[in-house]
Amino acid sequence: MNALCVFLISVFFLYIPLISIAPASFAAEGRILVFGRVQDDPVRAIRDRQEFVDYLGRKLAPVGISGAKILVVDNIHLLAQALKENKVDLFHDTAVPTMVLARRAGAVPILRQWKYGEAEYESVIIVQKSSGIDVLSDLVGKVLAFDEPHSTSAHILPRMLLAEKNLNLSHLNSPGGAKPNTIGYLFGADGSATNLLITGRVDAAATSQREFEELRPEVKDALKVLGKSKPAPRLLIAIRKSLDKKIHKSIHDVLINMDKDPEGLAVLKRQQKTTKIDDIPTASHQQLKSIEKFVFSLPEEVDSW
């Protein structure tokens with residue numbers, strides 16, 4: 001059996017719509033550390049993170065870890081199940097999925113990952129300069145596009161901004177007129193909200209500040225920022241609450257020192273252009289609690305993710 005076949009078989013067994021492998025197979029203590037990931041492309045999920053996970057597994061050998069694996073599931077509820085059943089030990093994600101897993105599975109955010117060199121990031125709501133829309137309240141009666149419902153930067157943060165302005169939203173299934181006295185909104189796929197705006201199918205779109213700044217100049221020059229959200233940590237690393245305290249401490253110490261190790265720094269740079277991993281500041285913890293409270297004020301939406 002060649003190496004490619006072995007790899008594909010490994011991916012098949014790691015990507016499961018319902019976790020059914022015995023808990024002992026994935027127990028961290030004394031054997032294998034398991035990194036969880038929600039993604040619909042298991043090959044990409046493993047390819048993009050295997051080097052990072054392997055590095056962590058090697059560094060944890062002194063506390064009895066003999067290796068590390070990635071478990072890919074296709075929705076956040078399955079990752080919550082895996083955490084509760086001790087089949088996943090840690091994961092990284094943006095603020096919204098992390099706080100859902102904190103509430104639903106007791107996950108504990110322990111570190112902040114500087115993805116793309118950013119400690120924090122902000123969301124923006126953008127419109128066409130020629131739209132005649134000048135302030136957020138002008139969106140009443142208009143249509144706003146978000147990306148996926150679980151998106152931190154392209155849904156929840158900008159939606160929190162609108163809530164702070166006491167602006168009401170109504171869900172639409174397709175582009176069209178909003179209900180009176182509300183802002184109509186719809187969801188797209190990753191990155192499609194801006195495309196819906198550019199092509200004139202919606203009146204406004206939500207995205208991250210970085211993604212707006214990286215638009216092609218001829219596209220960006222035709223747009224303007226209507227409002228900006230409060231910042232949130234760029235990426236969070238969290239562990240399951242029942243993880244052995246000695247392993248917890250070792251994970252923390254290894255990750256927080258990665259940028260000081262030449263090998264570790266090289267691995268970080270290849271992991272979504274990360275520059276460092278550090279402790280979560282107190283102010284960010286407070287913001288995470290605000291995000292969690294807001295997200296769970298939308299229970300029907302959370303249940304659909």
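A pocket, as the word is used in these legends, is an open set of grid points where a 1.4 Å probe fits, with protein on both sides within 12 Å along at least five of seven lines.

**View 1. The largest pocket of the predicted model and its lining.** In this predicted model, the largest pocket has a volume of about 1100 Å³. Of the 35 residues that line the largest pocket, Arg-37, Asp-93, Glu-148, His-150 and Asp-190 are the closest to its centre. Two or more lining residues come from each of strand E1 (32–38), helix H2 (42–59), helix H5 (152–164) and helix H7 (209–213). Sorted by class, the lining of the largest pocket holds 15 charged, 11 polar and 9 nonpolar residues.

**View 2. Helix H3 (residues 76–84) and its surroundings.** Within helix H3, the residues Ile-76, Leu-78, Leu-79, Ala-80, Ala-82 and Leu-83 are buried, and the elements that cover the buried residues of H3 include E1, strand E2 (67–73), strand E3 (90–93) and helix H4 (95–105). At the start of H3, the backbone nitrogen of His-77 has a side-chain oxygen of Asn-75 within 2.9 Å, while just after H3 the residue Asn-86 adopts a positive phi of about 60 degrees.

**View 3. Pro-158 in helix H5.** Pro-158 has a relative accessibility of 1% and therefore counts as buried, the cut-off being under 20% relative accessible area. Leaving aside residues up to four places away in sequence, Pro-158 touches Ser-123, Ile-125, Phe-146, Thr-152, Ser-153 and Ala-206. For one of these partners, Ser-123, the separation from Pro-158 is 35 residues in sequence and 6.0 Å in space, taken from C-alpha to C-alpha.

**View 4. Tyr-116 and Asn-166, two loop residues with positive phi.** Tyr-116, in the loop between strand E4 (108–113) and strand E5 (120–121), has a phi near 55 degrees, a positive value in a residue other than glycine. With a relative accessible area of 35%, Tyr-116 is partly exposed. Asn-166, which lies in the loop between H5 and strand E8 (169–171), has a positive phi of about 60 degrees although it is not a glycine. Because its relative accessible area is 65%, Asn-166 counts as exposed.

**View 5. Residues 1–29 and the confidence of the prediction.** The chain averages a pLDDT of 90, and 90% of the residues score at least 70. Over residues 1–29, however, pLDDT stays under 50, and for this stretch the model has 58 contacts beyond four places in sequence.

Notes. Residues are numbered from 1 along each chain as its sequence is written. This is a predicted model: local features need pLDDT of at least 70, side-chain atom pairs count only at pLDDT 80 or more; totals for chains, interfaces and linings use all residues. Side-chain values use heavy atoms; hydrogens and water are left out. pLDDT is the predictor's confidence in each residue, from 0 to 100. Contact means heavy atoms within 4.5 Å. On a 1 Å grid over the protein atoms alone, a cavity is a set of points where a 1.4 Å probe fits but cannot get out, and a pocket is an open set with protein on both sides within 12 Å along at least five of seven lines; lining residues have an atom within 4 Å of a point. Grid points are joined across faces, edges and corners, and a volume is the space filled by probe spheres set on the points. Helices (H or I, at least four residues) and strands (E, at least two) are DSSP runs, numbered from the N terminus. Ala, Val, Leu, Ile, Met, Phe, Trp, Tyr, Cys and Pro count as nonpolar, Asp, Glu, Lys and Arg as charged, and the others, Gly among them, as polar. Buried means under 20% relative accessible area, exposed over 50%, partly exposed in between (1.4 Å probe, protein chains only). A polar contact is a pair of N or O atoms within 3.5 Å; within protein, one must be able to donate a hydrogen and the other to accept it, and residues adjacent in sequence count only if both atoms are side-chain atoms.
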